[in-house]
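Biologist: I am new to this model and would like a close look at a single part, chain B, along with what lies around it. Please take me through it slowly and explain your terms as you go.

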Amino acid sequence: MPENNSTVIIKQLPNDEFLPHVVALVEEGHTVTLPLRGRSMRPFLEDGRDKALLAAPTDINVGDAVLAEIQPGHYVLHRIIEIIEKQVTLRGDGNLGNEYCRIEDIRAKAIAFYRKGRTKADSVTGLKWRLYSAIWTRLYPIRRYLLFALYPHFPRRWKMRK
Amino acid sequence: MKQKKGFRLRNICGEHVIVAEGIENIDFSKIISMNESSAYLWEKVEGRDFEAEDLCKLLLAEYEVDELTALIDAKAVIKQWTEAGIIE
């Protein structure tokens with residue numbers, strides 16, 4: 001029977017089932033606002049806090065954050081760090097390792113991000129994203145230490161022993 | 001009452017979700033999802049005028065409820081749809 005549906009319910013849907021629908025909507029010509037999960041695009045994008053505005057993947061370039069199907073049913077929203085011929089190398093801003101896919105595996109392109117609950121989006125053509133991108137990607141050689149400084153975590157075995 | 005143009009019901013991962021075809025951006029951080037009976041009613045009244053009494057009849061045809069309960073539910077559904085801005 002009908003229930004009160006005026007309440008806000010946060011639902012987490014399985015990525016491998018949900019994201020194909022997102023991709024289908026993008027292919028139909030919509031843009032899609034997608035709440036983000038995961039920590040792989042730290043420090044700019046935070047798990048459960050921020051949203052990406054996705055559009056059709058036209059004009060793909062190094063530096064773009066894209067939704068890619070790196071294996072059948074396995075999607076990531078990561079930054080392109082290299083394109084050679086049709087081979088794309090991706091790396092999450094908060095990651096140290098790379099992923100690889102073909103250019104046709106790129107399903108959508110992030111054109112803006114809604115951060116920290118704001119209603120105004122930070123466009124990827126805006127100064128903030130471009131400046132952040134330029135600095136953060138250049139700091140890759142010391143990313144391991146930056147991430148540790150920003151998000152300190154210690155292996156359990158190092159923690160104080162009683 | 002009538003459905004506003006372009007609000008199509010889709011099934012996404014078992015959720016009945018209303019996706020506005022006309023609008024450019026689909027925001028998955030705030031989306032209208034319907035339960036089973038709302039979705040059933042939505043599909044039945046597609047493209048035609050309806051009142052609470054019509055929904056009530058549809059509920060009676062599909063579910064084992066008494067007429068009074070069905071009418072109360074039908075009115076509640078219309079109120080919710082109006083609040084959600086998907087009917088006019």
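Modeller: Gladly! Let us begin with a term: a nonpolar core is a set of buried Ala, Val, Leu, Ile, Met, Phe, Trp, Tyr and Cys residues joined through C-beta atoms within 7 Å. A residue is buried if 20 or more other C-beta atoms lie within 10 Å of its own, exposed if 12 or fewer, and partly exposed in between, with C-beta atoms placed from the backbone. This is a predicted model, in which local features need pLDDT of at least 70 and side-chain atom pairs count only at pLDDT 80 or more, while totals for chains, interfaces and linings use all residues. Residues are numbered from 1 along each chain as its sequence is written, and chains are lettered from A and ligands numbered from 1 in the order in which they are written.

The neighbour of chain B sets the scene. The largest nonpolar core has 31 residues, and Val32(A), Leu54(A) and Ala110(A) are among those with the most contacts inside it. β7(A) is its main contributor, giving six residues; strands like this one (E, at least two residues) and helices (H or I, at least four) are DSSP runs numbered from the N terminus. Apart from this core lies another, of 13 residues, including Leu41(B), Leu59(B), Ala74(B) and Trp81(B). In soluble globular proteins, nonpolar side chains tend to be buried together.

Now to chain B as a whole. It contains three helices and four strands, and along the sequence they follow the pattern β-β-β-β-α-α-α. Its C-alpha atoms fill a box of roughly 40 × 25 × 20 Å along the principal axes. For 88 residues, a compact globule would have a radius of gyration near 12 Å, and the 13 Å of chain B agrees with that; the radius is taken over C-alpha atoms, and the globule rule is 2.2 Å times the number of residues to the power 0.38. Of those 88 residues, 22% count as buried.

Three of the strands form an open sheet in the order β1-β2-β4 (chain B), with antiparallel pairing; two strands pair if DSSP finds at least two bridges between them. Its edge strands, β1 and β4 of chain B, each pair on one side only. Neighbouring strands are turned by 40° against each other on average, direction ignored; axes here are lines fitted to C-alpha atoms (for helices over the stretch in contact), and angles run from 0 to 180 degrees between N-to-C directions.

Follow the sheet strand by strand. β1(B), residues 7-12, is joined to β2(B), residues 15-20, by six bridges. Asn11(B) stands opposite His16(B), and Ile12(B) has Glu15(B) as its bridge partner. Two residues lie between these strands in their hairpin, where Cys13(B) takes a positive phi near 50°. On to β4(B), residues 32-34: three bridges join this strand to β2(B), with Val17(B) partnered by Ser33(B).

What about β3(B)? This strand, residues 25-27, pairs with β1(A) in the parallel sense over three bridges, and there Asp27(B) stands opposite Thr33(A). More broadly, 18 residues of chain A are in contact with 17 residues of chain B, contact meaning that C-beta atoms, placed from the backbone, lie within 7 Å. β1(A) gives the most to the chain A side, with five residues.

Definitions and conventions. Two residues are in contact if their C-beta atoms, placed from the backbone, lie within 7 Å.
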